[in-house]
Amino acid sequence: GVSAMKAVVVTKFGGPEVMRLVDLPKPSAGPGEVVVKLAFVGINFKDVYLRTGVYKARPKGPSGISYEPKFPFVLGLEGAGTVEEVGAGIEDLVPGDRVAFMEGIGAYAEYVAVPGWRVVQVPDTVSLELAAATQLQGSTAHYLCHGFTTLGRRSSCLAHAGAGGVGHILIQLAKRQDARVLTTVGSEEKAEFVRRLGADVIIPYREVDFREVV
């Protein structure tokens, strides 16, 4: 028989109560896919938007991927674990490899089939926990300072919500590029956090107009 796995399924839009832990068939690797046995899963605001229906009428992105959820669906957009099975056409991965992935709906599960092009190998020096937590937000932060623009010693940048998921990674990447970093925060506790990350100018946006400071 088909072996089963646990997964978190959503069958209608709503609050956390619409999430159900159910038994599903364990996926198999189709052509160009790998099955990943999850060790850690990232949790993002995007998961909430998918669950509540904010993204129910989203247009396809530049990559042609549709994020419109089709019921029933398994939540979760990023994760890390080990390769369980390799599909036809996958040549650079073997069972047992430590990997991470993002933008494959279905990460809130024990196993997930992911297109091979979305999978990255995780170096031994990086924990699977850290790898799972940095795919979506880390890629966003990385393209902002390496793709959308390239920061350098003569650059200044403003990172909104510096203590947030994308923001706190962006501050660290920008400082690695020797840029001057201004960032907005909503509390003194968050100000202390971004100060430790190296932010140069910390703006308490609830008290001052960030545009005037900039």
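This section describes the nonpolar cores, the cysteines and a surface patch of a predicted model.

The largest nonpolar core comprises 18 residues, of which Leu50, Val74 and Leu75 touch the most other members. Strands E1 (4-10) and E4 each supply at least two residues of this core, and E1 gives the most, with five residues. Strand E4 spans residues 73-74. With neighbours within four places in sequence left aside, Val74 is in contact with Ala7, Val8 and Val9, and also with Leu24, Ile105, Gly106, Tyr108 and Ala109. Another core, of 16 residues, lies apart from the largest one; its members include Ala141, Cys145, Cys157 and Leu170.

No disulfides were found in a search of the whole structure. Within the core of 16 residues, which includes Cys145 and Cys157, the sulfur of Cys145 has that of Cys157 as its closest cysteine sulfur, but the two are not bonded because the separation of 7.7 Å is too far for a bond; the cut-off for a disulfide is 2.5 Å. Cys157 is likewise in no disulfide, its nearest cysteine sulfur being that of Cys145. Cys145 counts as buried because its relative accessibility is 1%. Cys157, at 15% relative accessibility, also counts as buried, since the limit for this class is under 20%.

On the surface, Phe45, Val48, Tyr49 and Val54 form a nonpolar patch, with a combined accessible area of about 390 Å². Val54 is located in the loop that lies between helix H1 (45-52) and strand E4 (73-74). The relative accessibility of Val54 is 54%, so Val54 counts as exposed, the class being set at over 50%.

Key:
Residues numbered from 1 in each chain as written. Predicted model: local features only at pLDDT ≥ 70, side-chain atom pairs only at ≥ 80, totals over all residues. Heavy atoms only, no water. Patch = residues over 30% accessible without salt bridge, like charges linked within 9 Å, V, L, I, M, F, W, Y side chains within 5 Å. Areas by Shrake-Rupley, 256 points an atom, 1.4 Å probe, with all protein chains shown as cover. Salt bridge = Lys/Arg side-chain N within 4 Å of Asp/Glu carboxyl O. Helix = DSSP H or I, 4+ residues; strand = E, 2+ residues; numbered from the N terminus. Buried < 20%, exposed > 50% of the residue type's maximum accessible area, 1.4 Å probe, protein only. Core = buried A, V, L, I, M, F, W, Y, C linked by side-chain atoms within 4.5 Å. Contact = heavy atoms within 4.5 Å.
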